[in-house]
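Let's walk through this one together, starting inside a single chain and then stepping out to see how the chains meet. Have the viewer open as you read.

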There are 2 protein chains.
Amino acid sequence: MAAQPARDAERTRAEILEVATREFSDNGYAGARVDEIAAKTRTTKRMLYYYFGSKEQLFVAVLEQAYTTIRALEQELDVEHLDPVDAIRQLAELTFDHHESHPDFIRLVSIENIHRAEHIGTSSVLSRLANPALDVLARILERGRAAGRFREDVDPLDVHMVISAFCVFRTANQHTFDAIFKRDMLDPARREHYRTMLGDLVLGYLTAR
Amino acid sequence: MAAQPARDAERTRAEILEVATREFSDNGYAGARVDEIAAKTRTTKRMLYYYFGSKEQLFVAVLEQAYTTIRALEQELDVEHLDPVDAIRQLAELTFDHHESHPDFIRLVSIENIHRAEHIGTSSVLSRLANPALDVLARILERGRAAGRFREDVDPLDVHMVISAFCVFRTANQHTFDAIFKRDMLDPARREHYRTMLGDLVLGYLTAR
DNA sequence: CTTTGAACGAACCAGCTAGTTAATTGTAGG
DNA sequence: CCTACAATTAACTAGCTGGTTCGTTCAAAG
């Protein structure tokens, strides 16, 4: 088979982005080293500046890609035909699984929050990615309310927030939680417990008297 | 009154720690600058090394102080005489208020998690600070179970985790959440809503059929 | 007083780090 | 072919950064 072409802009760009994602996620924004990112690539530091302009713009690109990936996956959910209660549980578990399998993303979000979202604040890409899962959620809640199963006064974004809070905390704070309470929230043996617990939690809230 | 003595080891130490807390919290571990910390102090960089030895040890000292402060406050709660349901709500709200008024602490915890808790992992101080609030919580749950008000199978640490997750997420992720969903979770106008919601959430879980 | 050790300050340094310069090579279109 | 331009490379730099050196000053004990 043909060797990969010596020059492939798309591949080079993608590779830089991939390595940068890992480096920023592992070391934080200030802790990540441009030289280190370049070294772990099959290309050079100059290419990084050629394609992305600066360390900061590279970081923005990393964030944009991470969010875009995750939002795309959220779209795949098809819960319209399910019972509202089952739908909520399924949505929660999808988010749960998703967060668990994308620790890099959670770390990037934490890093970006430490920087007060100053990078994505200026990103036009991100602001257009407004959440489709929110619409899905809103429709589920509407059906649940109509069926008299859910409380009347619930805001979809609040429900989304609870699901996120649970999933994000479990991965984002795993290390300090383990250090202090000697409990590894990501131990596979506890995975099902937490997954079920999240559904119980959200549904307990939605169906409370 | 007498001017402050020209030399006061305790005050110097405390001032360095205070400034360092702000700087680490604002910029992350790698982003914080030793020179900047020193400059914002009434002393010099040399003193910082004199008292703390290194940037890393200074960061550990900051974390230890932050955790110690917060744990001490948790101790003050006296809910033994309350109805279990009221006690849970009060505990949740105490945590809520606490997190809200200590954003620095949350940021430091996030930073430390990005570094995989490698700093507090070696701290003997922190491992001894095992959570007294957990005992309080365990006793409340026990009383609630005995009275037939709470489900039987609930682990105190799981309840603590839910409360933390909600409170931590609200402050730690406020910036990205606001950037993406255009909702400021720390808007004072929404404070009561979230405070009540947290109690509803936890009690909904504890009293679910 | 004098001694002693803790507390302090200024200048310094070696290595690092983001970003740049300018020259070189592959490749597609004519 | 060959030309024009995109893609790539290596070497360089100016400024920063954590950490250190070493000399000075204060205050309490004797």
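Start inside chain A, where 8 residues of domain 1 are in contact with 7 residues of domain 2. Keep in mind that you're looking at a predicted model. The domain assignment puts domain 1 of chain A at 9–53 and domain 2 of chain A at 63–206, and their centres, taken over C-alpha atoms, are 29 Å apart.

How much area is buried between these two domains? It comes to about 660 Å², with 57% of that from carbon and sulfur atoms. If you want to find the domain 1 side on screen, click on Thr21(A), Ser25(A) and Tyr29(A): these three supply 64% of the area that domain 1 of chain A buries against domain 2 of chain A, more than any other three residues.

As for polar links, the count of salt bridges between domain 1 and domain 2 of chain A is 0, while 2 residue pairs are in polar contact there, both partners at pLDDT 80 or more. The side of domain 1 of chain A that touches domain 2 of chain A is a mix of 3 nonpolar, 3 polar and 2 charged residues.

Now zoom out to the two chains. The size of an interface is often given as the accessible area lost when the parts come together. By that yardstick, chain B and chain A bury about 4,800 Å² between them, and 66% of it is on carbon and sulfur atoms. In chain B, the residues that lose the most area to chain A are Ile114(B), Met161(B) and Phe181(B), together 14% of what that side buries. Counting residues instead, 54 of chain B are in contact with 54 of chain A.

What about charges across this interface? The rule finds 8 salt bridges between chain B and chain A. For a pair to look up, try Arg151(A) and Asp200(B), whose side chains meet in a salt bridge at 3.7 Å, N to O. Chain B and chain A also have 12 residue pairs in polar contact, both at pLDDT 80 or more.

Which helices of chain B supply at least two residues each to the side that touches chain A? They are helix 1 (9–31), helix 4 (55–75), helix 6 (103–114), helix 9 (156–172), helix 10 (174–181) and helix 11 (188–206). Helix 9 of chain B gives the largest share, 12 residues. Sorted by class, the side of chain B that touches chain A has 25 nonpolar, 16 polar and 13 charged residues.

How values were computed: Residues are numbered from 1 along each chain as its sequence is written. Chains are lettered from A and ligands numbered from 1 in the order in which they are written. This is a predicted model: local features need pLDDT of at least 70, side-chain atom pairs count only at pLDDT 80 or more; totals for chains, interfaces and linings use all residues. Side-chain values use heavy atoms; hydrogens and water are left out. Contact means heavy atoms within 4.5 Å. Buried area is the accessible area (1.4 Å probe) that two parts lose on being put together, summed over both. A salt bridge is a side-chain nitrogen of Lys or Arg within 4 Å of a carboxyl oxygen of Asp or Glu. A polar contact is a pair of N or O atoms within 3.5 Å; within protein, one must be able to donate a hydrogen and the other to accept it, and residues adjacent in sequence count only if both atoms are side-chain atoms. Helices (H or I, at least four residues) and strands (E, at least two) are DSSP runs, numbered from the N terminus. Ala, Val, Leu, Ile, Met, Phe, Trp, Tyr, Cys and Pro count as nonpolar, Asp, Glu, Lys and Arg as charged, and the others, Gly among them, as polar. Domain bounds come from an automatic or database domain assignment.
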